[in-house]
Amino acid sequence: MFATVLLLLVALCAQGGNGEERGEEAQRPGHVTVVIVGGTGDLAKKYLWRGFFELYVNKVKGGNTFSFYGGGLSPADKGKPALFEILKALSCSKDVSQERCALLKEQFLRLTQYRELKTLENYQKLAKDIEQDLKQEGMTEAGRLFYLSVPAFAYADIADKINSSCRPTSGAWLRVVLEKPFGHDFRSAQVLASQLGGSLKDEEMYRIDHYLGKQVVAKILPFRKENKKFLDPIWNKHHIERVEIVLKETLDAKGRIAFYDQYGVIRDVLQNHLTEVMTLLSMKLPKNLSNSEEVLNNKLQIFRSLLPVGKKQAVVGQYQAYKTEVQQELNKTKDHVSITPTFAAVLAYIDDAQYEGIPILMISGKMLDERVGYARIVFKNDIFCVQNHNSVHCKPKQIVFYFGHGSLQYPAVLVSKNLFKPVLKDAEWKEVTEHKDVNVLGLPITDYYVHTPKVQREAYSELISHIFAGRKNSFISTENLLASWGLWTPLLSSLATSFPRIYPGGAENGDLLDICVKGKEISYNSEVVIISNDQMGGTSAKGFQVMQGKFRGTDMVSAWSEELVNRLAEDLQEAAEAAVRENGVFHLALSGGSSPLALFHRLALHHFSFPWRETHVWMVDERCVPLSEAESNFNTLHDHLLQHVRIPYYNIHPMPVQLNQRLCVEEDRGALLYENEIRALVNGSSFHFVLLGVGYDSHTASLFPGSKWDEHGEKLVVMTESPAKPHQRMSLTFSAINQARRVAVLVMGKGKHELVTQLSRVKDNSDKWPITGVKPASGTLVWYIDYDALLG
């Protein structure tokens, strides 16, 4: 069959083709197999098959042949007709003749098959058939592309099946495409990344954010480079007044409630789409825009420079009908209340010399007044018109990256005429000189220079062509994904019990969602809307304040997550000030994980009088990875706390997991080096304050169940093994922890409720329940447990 296909492709080439490859890297010639797992689902139906058909049409002239598979859980007798109905509806772009389109579509259908892909045997059979077809037709394999259009919980299992049975041989490439969500928070994203990393290399994974395929979003970096001469003098804090990144929707969440109620607008839109746009606007311009590594590294630098985002940098809302929709779609009773936000406005700041003090607003919501998306850079105007206030000089100066819809109805880059005339180098873009009578963000369209793509292309089609070409700069790397969740997770935790402002939806919202920026905080501009108990199901989550009690025979502090973190931060500062008064120095040991992130942000944003100059920061534990990697506990501590406070660099003590250009090699004696450093600098090896977390298996620091911890004797630091990757760790021992003057154990989140219940009942057994081995000899132990973990 494939020989016939090849002959037809040659014949079509002779007719002349369309869709030249637009500046992509050279593609390895040979046969390409495309497998859409979830090939009869909604996303595949709306976008993916259309995108792969467009790829096929555009690559007819190239050196590749293709086969396509739509995979699903249904048996062939159900899946095949469903797939055929999707393929029948495919169409070509306007610049392809009807005759040629008919030929291409007929061939595309012949090349496409349905496969049941449920078991390992199904994947093995698929791989066997691919190999057999290649052998029969005598074709060289270029690569295999798997698009996972399935729920995220299935990713790890499918990736494992692909790895074990469907990897190509003979140097052919493997590319696996993943759809968001990539986790629910920092910890879940880290777990998923680790699971996928066991089956796939990072360069084989293409985490897709379809916003990066939008033509205007993809134009941000080229625009900045093409207009560097104009932008360099004004792209800074002295000239930019604010940045707005906005995605407004008129639709509700009906039909998606099962997903949406778990995620909400921040996870669904802000953490990915709007954050990616923000990095493109603010990152250092790469020397080579096609260098994926440089682009992704420059994005990562922005994440490292962002100030922590806390509860006072966000407002949330929920459209009025959402409560009823949740009750109906999730079969909940009428007294059930969801506090999932459907609207959010978040204020961010970048802590560097170029952007310091510039407010960056990220706003999105459902059931708003219009459907529109844009990024707007508003510049300061230093001209005051005494008489002619309509003069072009006194009008707003702004650059707008207009993603589409809204009053303009097409994607465009707009530059105020009182700013500069932008350069147009891209042959695929054109200047618009004839306009309809519309206003865009406060200015008539005639007050802008307007550039738009000559041909509008769908975002998924664009990204599919990038995947085929092996271009990774439009996709999300593991490091950037974890950095993004590192920014958003503390905010999400602090908002977990916050009631959103209820708004009616559409034009009736009026000024209800207008926001006000004061300093580094954001709030609604209008008075607080009073919500009745009936609206919120009679629940009074704020009825609980900070509560003190006992847990496992020692002191416990409980509160909702935000109040708990505030209290812990206050207690930590009090301990620091007391130690400095008494000894002139404060020794603080901090653990890794996601729980302390909210505390780090609280300390950085609100505790300006903390005695950082007299504080020495030590690590409780560390993974055996380079300290520059996202998985490093020290890297997380640095990005979320240390770089935002004034602590002398010689007061910072990372664990020496990398010595002699290698990681955690026993003969390098890294653990002994750290122990000797503690003994030399910490009086009596007694830290003033040790902050611990506790894992789902009750491990603390990197002391895991199943080890004989009493065998370490008086050692302060040891190498340990984790059941999860990366396995090797360095950790303080119970001997070091229990010499501390004060130990705090922070436990947060509903996911820890079962563990807290178990710990309240079990006896001390550090081999089975490591956290029970924490018993300061002469110091105090305080448990900080939020209500979600305590009450479930």
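This dialogue walks through the sheets, the helices packed on them and the confidence of a predicted model.

Q: What kind of model is this, and how are its residues numbered?
A: Residues are numbered from 1 along each chain as its sequence is written. The model is predicted, so to speak with care, local features need pLDDT of at least 70 and side-chain atom pairs count only at pLDDT 80 or more, while totals for chains, interfaces and linings use all residues, and side-chain values use heavy atoms, with hydrogens and water left out.

Q: What average pLDDT does the protein have, and which element scores lowest?
A: pLDDT is the predictor's confidence in each residue, from 0 to 100. The protein averages 90, and 94% of the residues score at least 70. Among its elements, helix 1 (residues 2-15) has the lowest mean, 41, and strand 10 has the highest, 98; helices here are DSSP runs of H or I with at least four residues, and strands are runs of E with at least two, numbered from the N terminus.

Q: Where does pLDDT stay under 50?
A: Where pLDDT is low, the predicted coordinates should not be read in detail. Here the value stays under 50 over residues 1-26, and again over residues 528-544.

Q: In what order do the strands of the sheet of 10 strands stand?
A: Strands of a sheet pair through backbone hydrogen bonds, either parallel or antiparallel. In this open sheet the order is 14-17-13-12-11-7-10-9-8-18, with mixed pairing, where two strands pair if DSSP finds at least two bridges between them. Strand 14 (429-432) and strand 18 (501-503) are the edge strands, each pairing on one side only. Within the sheet, strand 12 (residues 397-405) and strand 13 (residues 412-416) pair in the antiparallel sense over 4 bridges, and I399 has V415 of strand 13 as its bridge partner.

Q: Which strands does helix 8 touch?
A: Contact means heavy atoms within 4.5 Å. By that criterion helix 8 (residues 215-226) packs on the sheet, touching strand 12, strand 13, strand 14 and strand 17 (448-453), and its direction makes about 150 degrees with that of strand 12; axes are lines fitted to C-alpha atoms, for helices over the stretch in contact, and angles run from 0 to 180 degrees between N-to-C directions.

Q: At what angle do helix 10 and helix 12 pack?
A: Two packed helices are described by the angle between their axes and the distance between the axes. Helix 10 and helix 12 (residues 322-329) pack at an angle of about 125 degrees, with their axes 10 Å apart. The two helices are therefore oblique to each other, given that angles under 35 degrees count as roughly parallel, over 145 as roughly antiparallel, 65 to 115 as roughly perpendicular and the rest as oblique. I257, Y260 and D261 of helix 10 meet Y322, E325, V326 and E329 of helix 12 in this contact.

Q: Which strands stand at the edges of the sheet of 8 strands?
A: This open sheet has the order 21-22-33-32-29-23-24-26, with mixed pairing. Strand 21 (547-551) and strand 26 (652-653) each have a single partner strand, so one side of each is left without a neighbour in the sheet. Strand 21 and strand 22 (residues 554-559) pair in the antiparallel sense over 5 bridges, and they form a hairpin with 2 residues between them, where R552 in the turn has a positive phi of about 55 degrees. Strand 22 and strand 33 (residues 780-786), by contrast, pair in the parallel sense over 5 bridges, with V557 opposite Y784 of strand 33.
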